[in-house]
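Me: Could you take a close look at one part of this model for me, the surroundings of the bound ligands? I would like one connected walk through them, please.

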Amino acid sequence: MTETHHQPMDDVELGPGSPSSTIESRGRRVNRQHVPVLATLTLLALMYGLGVVNYEGFSDIQVVLNIFVDNAFLLVVAVGMTFVILTGGIDLSVGAVVALTTTLAATLLHAGWPAGVVLPLMLILGTTLGLSMGAIIHYFRIEPFIATLAGMFLARGLALLINRNSIPIDNGFWVTIAQQRLRFDRGVFISTSVIIALVVVLIAAAVLIWTRFGRCVYAIGGNADSALLMGLPVARTRIAVYGISGFCASLGGVLYSFYTLSGYSLHGNGLELDAIAAVVIGGVLLAGGSGYLFGTVLGVLVLGLIQTILNFQGTLSSWWTRIVVGVLLFAFIVLQRVVTGKRAVTGTR
Amino acid sequence: DDSGDAGGSGDDQITIGFAQVGAESGWRTANTKSIQESAKEAGVELKFSDAQGKQENQIKAIRSFITQRVDVIAFSPVVESGWDTVLKEAQDAEIPVILTDRAIDSTDETLYESFIGSDFVLEGKKAGEWLVDEYQDQSDPVNIVELQGTPGAAPANDRKAGFAEVIAAEPKFKVIASQTGQFTRTDGKQVMETFLKSHDDIDVLYAHNDDMGLGAIEAIEAAGLTPGKDIEIITVDAVKDGMTALSEGKINFIVECSPLLGPQLMDLAKKVAAGESVEKRVLTEETTFTPEQAKEALPERKY
Amino acid sequence: MSDDAPVLEMTGIRKVFPGVVALDGVDLRLRAGEVHALMGENGAGKSTLIKVLTGVYEIDGGTVSLAGTPVRFSGPLQAQQAGVSTVYQEVNLCPNLSVAENILLGREPRRLGRIRWGETRRRARELLKRLDLDLDVSAPLDTYSIAIQQMVAIARAVDIDAKVLILDEPTSSLDASEVAQLFAVIRRLRDQGVAIVFVSHFLDQVYEIADRMTVLRNGRLVGEYRTAELPQMQLVTRMIGKELATLETLEQADRAPTAQIERGRPLLRAEGLGRRGGIESFDLSIHGGEIVGLAGLLGSGRTELARLLFGADRADRGRLQVDGEAVALRTPRAAMSRGIAFSSENRRTEGVVGELSVRDNIILALQASRGWMRPVSRRRADELVDRYVKALDIRPADPDRRVRDLSGGNQQKVLLARWLITEPRLFIVDEPTRGIDVGAKTEIQRLMAELADGGMAVLFVSAELEEVLRLSHKIEILRDRRLVEELENTDAVDADRIMQTIAGGAAS
Amino acid sequence: MTFHRNRLFWPLAVLVLLLVLNIFFANHFFRITVNDGHLYGSLIDIARRAAPLVLVGVGMTLVIATGGIDLSVGSVMAVSGAMACLLIGDLDNQNSLPAVFLAIGVALVLCLGLGVWNGFLVSVIGIQPIVATLILMVAGRGLAQLITGGQILNVNSAPYRRIGAGYFLALPVSVLIAAAVAAVAVLLTRRTALGLLLEAVGGSPAASRLAGVQARGLTWLVYVIAAVCAGVAGLIYSSNVASADSNAAGNLIELDAILAVVIGGTALTGGRFSLGGTVLGAVLIETLNVTILSVGIPVEATLLFKAVVVVVLCLGQSPAFRERVLGRRRTPAPVAPKEEVAA
Ligand SMILES: Nc1ncnc2c1ncn2[C@@H]1O[C@H](COP(=O)(O)OP(=O)(O)OP(=O)(O)O)[C@@H](O)[C@H]1O
Ligand SMILES: Nc1ncnc2c1ncn2[C@@H]1O[C@H](COP(=O)(O)OP(=O)(O)OP(=O)(O)O)[C@@H](O)[C@H]1O
Ligand SMILES: [Mg+2]
Ligand SMILES: [Mg+2]
């Protein structure tokens, strides 16, 4: 069922001549599990090189940093999505939760609530929504796709109900964070959101690799029934995973509101698809149980890079833009397949 | 941080980075085309980016234009709020910004040089004024149904608000149903079908754009009624198809919202790049059409 | 071994599935330090009883008490926490995780909340060593055969500090030496005072290890007995509810009519066939009417060999002939068109399609070989399905029931029926009697023998050496993924002789 | 069997509820009159609106049965409408029947090609369906816009108009087409062995491969069918308003289609499917949309209303919910949700 396997990284025993390799081919397999990620990385570098060669100013470091600046919120959302997808689920509500977060935050800030209250409130709201969807999915055995679709309707509906117009945010704290730039030499900079996003990535990666909870996430994705029979806390984990996704979505929403300094019920439209695409491009199996968080980061970068290239190209009409996005995506995924030498999902063991 | 000291490259050709909303309607495509063509004519290099309706994509594009050090950045904001951060970056990089078609609600007016485009509220008002005028002799209630644009989009909000403001003056005007038709023909048709079933006393239809109006016409015809007679129709935009219908009397009144900003934009951009001061608000030249005017204007309608 | 207060007591257990009363009024009493066998035919309700006990299913009636206090577990997690550790029937592990993780999942050694991977692997290796297994514990579980996975599951359960250890058919695909290892562990635990529930269809094993047994029939309690007081024949009678006259006759009569078939042109002939990382090049020919047995230890490559002949995996060297004609079997489909059938040892993931009905599962292979445009008519399907449901005694005999709701043994029968209706010329069966009860097992063995008499060739893979010996005309012996010897199954051949070769004695 | 009927009970109940709700808001909701020689009324509207969704849903059901998903259906709809309108718009005589048929044929062949493309990516290259079809979802709409040049293409062809807005024997042609396609699909899957084999592939790819099922070919086939169904839906959509709007056509229909499939009792994990259920689901969704309009739910609240209906429906359908919350003790399914626990 699953084709790629992941292996917790451990510095202690992966070295050559590891005593555990009873059969020689096994020693090599450990590395083989990293192949998809390595391949993605290589292809990413290749694509970047392509941009540098073709476009003036592409080699500017700021171009790379901008990808992070512009996609910090997507990265955070995708991290949450990774947890969900690793259990074999899916969360369609994230885009709408982003919208709800920005709208509600903007409204409350506008009404004069202090940032110190609004910010945690938003995170709690997202997490709660996520947890409730998780509970419905787990206890009532509703397909995640449908439960989170309803969540999407709900969140966006609420956002629309609160205010259908876009609301500017002028709260001091918000504005400061939004416009705070960490500058390095030669004028290049990143935003606070990038730091937040990277911290989230690191924590999430550590959780997945080094905690029982993280391993249980993988186990559920491998085979939920077995996980249950093995005595793992399936209910808790599955619900928590949606909670995490909800948390990440609302944090993503907060970053989004830093990014645009506004709240709007149509923000983050289609963001869920971007997040899913990023996760899957990064090598996580939609069926669950396999993939790395690092892959997700790469996936986000791939999407960001594609868009950067388009912006640098600057001559494409609207429709060619779409077609080229499709073609680049296609080229990337197929090359990824070729490099990793994976065979068809259907009909392989 | 002023190491990369801004655009303004020595040669005479200027580069404009233009971040378009998307290609969501014929109107928008005409707008894009106008800008592309007039850039070519004006000898301006155009960097074009399509945001596919997403604000974040537009911000990314603007940021990318900044790194590419274009001379002028122009864009049609997807929404009103949320541009301060990136526009400040542009300001820091000393790249002037021009807004087209839609405004932003920033309090800091120095962030952009000029805004060129239509006034949606005014459009709504024009529509309302015609209606008031049309029904001035009548004292019976006038039942209006409204087809709104995409919920939350500025043209939808403003056209609704402007219209509402004007007709509020007279209590005989009653909006008995108002739903979104998503700016598309199909939705316009389907929503109208339902309106016709649930209300049999509709006098006037106000659609936020031509396309929804055109869809509604089909629904009205299928119900065995005559559009323009049994139900009077007001729309906004004046695209070619709408004008045709207007000239055939199926629509009664169209408020123009012109997409042909290209030439005006190029003029502005050149001035701005040269450091000249320009007007903060440039209105596009727009008018309104009655069936007779439509018949005249139709032959030279480009879009 | 004493009659003191039971650690665990179940009384009057009732469990109803839609349309089936799976358990009704069943009692089970476990005492500390005993091995208690749970006996019954396929579908008798053994696995259900275990699942009801550990909270996988809700109980519809009856009580459970642990050390005198009534309990009702909400699930395996809670059961484990209360000291009831279980290996469920069929391997229930996560194929995507490493062996080490599968053993220690949920109990990984930690420091400051961070899993210590080195330590985890070390402990996993240690646990496996107790079962005399040396695996690469960082390899993903699904690189190993079902038998190994079963051992891993056992290692996992044994590691849990438990008062009660439940093993549901743990030995169904283990061979003699693994079973011996397992028993050694069981005895050690028993002596430490653990109460052990053991389910198996191998009567010899039961008599070897169990102190006491509870017999179920059709979801009802037949009785509880001391093993020493219930002779094997009586046990069988209790299980099936009638005298089994045929069993004895079969034990004797079904010995293979040793090798008197004509060996003309072989039906299938492999020369130097092999696959990297799977099995080394081997030569093998199979004739019509012949039963060829594969013997070997766990992981010796029997399954790999069988899969090559069916095109389930692709050979990367060597030649294959069917009816003297060179063929390349790239897909199962190609093999099927040559009249070859294959029933996998891994019935849960590669065998039955759980969501589909018994009928659909049975006609699946036949239908696949006809293509979708030529459906098997409903009447024909019903006819075939009815015949095999009867012939193999699939219970419940309801073709519309979802296969996943069948008991393990009955699923296996469905799988066999699927292939039998295609009337193959060569039937490759990998562990066909896994989890099948005594009655049905002899039935299947007889069926194989009969079909071979009718001209069908059979490649018979089984971990149970006796079975191979009893049926085969010719035995191929594998060791370390290499075919090391071919033996005619004459009277001179016996288990010891084969074990010698398998163990790597002087024979090769 | 009873199991299936059980699942469809809830969608049916909700459907009836919505219809009844309509009576209070729409005059003569159930009245069907004859207008211009064809039937006219709210129910007819619902049927007409549901036609494209039924078509897309039928294709989607088959794809989902194999354990896949097709996100590109909306874009395929756009492409098909754009192509047909482009060709017809170029005709000298737009009312020439053969020419219109030819245009439709070309559009459908194009869609077939897109289906082949999707199927190729999924079954041969082995890309996960959601990403494989995401590619076409993005690029396909671009393709449609390329065809129309970003404009709305108008046609003025009476034969073409009949597909989406015309009537045959007083019944809407679009409804007849959708019904015919659904019927053919049912026959195709239940009278041949296609349904069984698809369910086997979806239920367990590994097992069906070993049983000799040609999973690759079948998987490929369903994507082609899905694309052609979407193509027909696209024709209906564009014919309905006699124009091709490559932006709006089929926008977000994939979500509605998947919703319809799930409401109809087909599991997204693949395996057993129910085409009848999907049709019911599609009709339910469109009834919901019409109800929102006729009840006059404010624009801001429509999404909330939809969310509530979906939640109620799904909870009602969930045996676990009925058991736990409504306290109806029955059908105790195993605790673990999707796969096999029994053994
Ligand atoms: N989830 C289920 N739904 C419906 N019926 C079930 C379910 N699980 C088991 N059954 C039925 O309950 C009965 C008992 O099955 P069980 O699995 O307990 O048998 P068993 O004694 O373990 O047999 P085997 O030796 O073949 O494993 C069988 O008739 C089976 O069909
Ligand atoms: N002791 C072992 N050490 C390492 N790998 C093993 C071991 N046993 C089995 N394997 C792996 O398990 C896989 C399956 O082997 P195979 O199924 O052919 O064995 P088998 O002879 O059928 O034995 P059984 O099915 O009884 O386990 C092989 O790929 C082999 O690498
Ligand atoms: Mg059992
Ligand atoms: Mg084997």
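Reply: Happy to! A residue counts as near a molecule if one of its heavy atoms lies within 4 Å of it. Keep in mind that this is a predicted model.

Let's begin with ligand 1. Residues from chains C and D surround ligand 1, so its site is shared between chains. The shell holds 22 residues, and those that come nearest are C:Gly43, C:Ser47, C:Thr48, C:Ser407 and C:Gly409. By class, the shell around ligand 1 divides into eight nonpolar, 10 polar and four charged residues.

Where do the chain C residues come from? Two helices of chain C, α1 (46-53) and α15 (408-420), each supply at least two residues of the shell around ligand 1. The largest share belongs to α1(C), with three residues. In terms of domains, at least three residues of this shell come from domain 1 (8-251) of chain C, and at least three from domain 3 (340-423) of that chain.

Now for the atom pairs, which may be handy if you want to check a pose. The side chain of C:Asn42 places a polar atom 2.9 Å from an oxygen atom of ligand 1. With C:Gly45 the backbone takes part: one of its N or O atoms lies 2.9 Å from an oxygen atom of ligand 1. C:His201 uses its side chain, where an N or O atom is 2.8 Å from an oxygen atom of ligand 1. As for cover, ligand 1 taken alone exposes 640 Å², and the protein buries 96% of that.

On to ligand 2, which lies between chains A and C. Around ligand 2 there are 18 residues, the closest being C:Ser145, C:Arg302, C:Thr303, C:Glu345 and C:Arg481. Three of these names return in the atom pairs with ligand 2. In the side chain of C:Ser145, an N or O atom is 2.3 Å from an oxygen atom of ligand 2. C:Arg302 has a polar side-chain atom 2.4 Å from an oxygen atom of ligand 2, and for C:Glu345 the distance from such a side-chain atom to a ligand 2 oxygen is 2.9 Å. On its own, ligand 2 has 610 Å² of accessible area, and the protein covers 89% of it.

The elements that give two or more residues to the shell around ligand 2 are α5 (146-159) and α10 (302-310) of chain C. Here α10(C) has the largest share, three residues. The shell around ligand 2 consists of seven nonpolar, six polar and five charged residues. Domain 1 (8-251) of chain C contributes at least three of them, as does domain 2 (266-339 + 428-508) of chain C.

Since chain A is one of the two chains that ligand 2 lies between, here is some background on that chain. Chain A has 14 helices and four strands. Of its 349 residues, 65% are buried. Among the contacts in chain A with a separation of 6 or more, 79% link residues 24 or more positions apart. Finally, the accessible surface of chain A comes to about 11,600 Å², with 69% of it belonging to carbon and sulfur atoms.

Key. Residues numbered from 1 in each chain as written. Chains lettered and ligands numbered in written order. Predicted model: local features only at pLDDT ≥ 70, side-chain atom pairs only at ≥ 80, totals over all residues. Heavy atoms only, no water. Polar contact = N/O pair within 3.5 Å; in protein donor to acceptor, adjacent residues only side chain to side chain. Areas by Shrake-Rupley, 256 points an atom, 1.4 Å probe, with all protein chains shown as cover. Nonpolar A, V, L, I, M, F, W, Y, C, P; charged D, E, K, R; others polar. Domains from an automatic or database assignment. Buried < 20%, exposed > 50% of the residue type's maximum accessible area, 1.4 Å probe, protein only. Contact = heavy atoms within 4.5 Å.
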